[in-house]
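Visitor: Could you take me on a close look at the salt bridges here? I would like to go through them pair by pair.

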Amino acid sequence: MRGTQRVNTVLSGSGRVDDIKGHPQDKVRGLTKLVKITEDVRKYASEQGMSEDEALEKGLKEKSAEFLEKGSEVYAKA
């Protein structure tokens, strides 16, 4: 670690590290998810014979209808 870098840790009662903020792996995970979503949208658009923008719009409308059908609850009840 370079002299100007600092690691911010939060310790639990057991003394183990629960969280290291600014860890580069978090950025990689986020980018990986974004790439996967983009690939899924492109695949869906290709299968449906539509543009990516049309696929996104259609998907958002479907998810909106699904959300309303399930009672517009952010957290599903078990």
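Guide: Happy to. A salt bridge here is a side-chain nitrogen of Lys or Arg within 4 Å of a carboxyl oxygen of Asp or Glu. By this rule, the count comes to 5 salt bridges. Please keep in mind that this is a predicted model.

Let us begin in helix α1, which spans residues 24–48. There the side chains of D40 and K36 meet in a salt bridge, with 2.9 Å from N to O. The two residues are 4 apart in the helix, so about one helical turn separates D40 from K36. As for their surroundings, D40 is partly exposed at 37% relative accessibility, and K36 is also partly exposed, with a relative accessible area of 46%.

Now for a pair that links two helices. The side chains of E52 and R42 form a salt bridge at 3.2 Å, N to O. Because E52 lies in helix α2 and R42 in helix α1, this pair ties together parts that are 10 residues apart in sequence. E52 counts as partly exposed, at 38% relative accessibility, and R42 is partly exposed too, with a relative accessible area of 48%.

Moving along helix α2, which covers residues 52–69, we come to E57 and K61. Their side chains meet in a salt bridge of 3.4 Å, N to O. Both residues lie in helix α2, 4 residues apart, or about one turn of the helix. The two partners fall into separate exposure classes: E57 is partly exposed at 47% relative accessibility, while K61 is exposed, with a relative accessible area of 54%. The cut-off that matters for this pair is 50%, since a residue over that value counts as exposed.

Further along the chain there is a linked group: K63, E66 and K70 are joined in a network of salt bridges.

Before we leave this part, have a look at an uncharged neighbour in sequence. L68 is found in helix α2, and together with F67, V74 and Y75 it makes a nonpolar surface patch of about 500 Å². L68 itself is exposed, with a relative accessible area of 56%.

To retrace the route, you can follow D40 and K36 within helix α1, cross to helix α2 with R42 and E52, stay in helix α2 for E57 and K61, and finish at the network of K63, E66 and K70.

How values were computed: Residues numbered from 1 in each chain as written. Predicted model: local features only at pLDDT ≥ 70, side-chain atom pairs only at ≥ 80, totals over all residues. Heavy atoms only, no water. Patch = residues over 30% accessible without salt bridge, like charges linked within 9 Å, V, L, I, M, F, W, Y side chains within 5 Å. Areas by Shrake-Rupley, 256 points an atom, 1.4 Å probe, with all protein chains shown as cover. Buried < 20%, exposed > 50% of the residue type's maximum accessible area, 1.4 Å probe, protein only.
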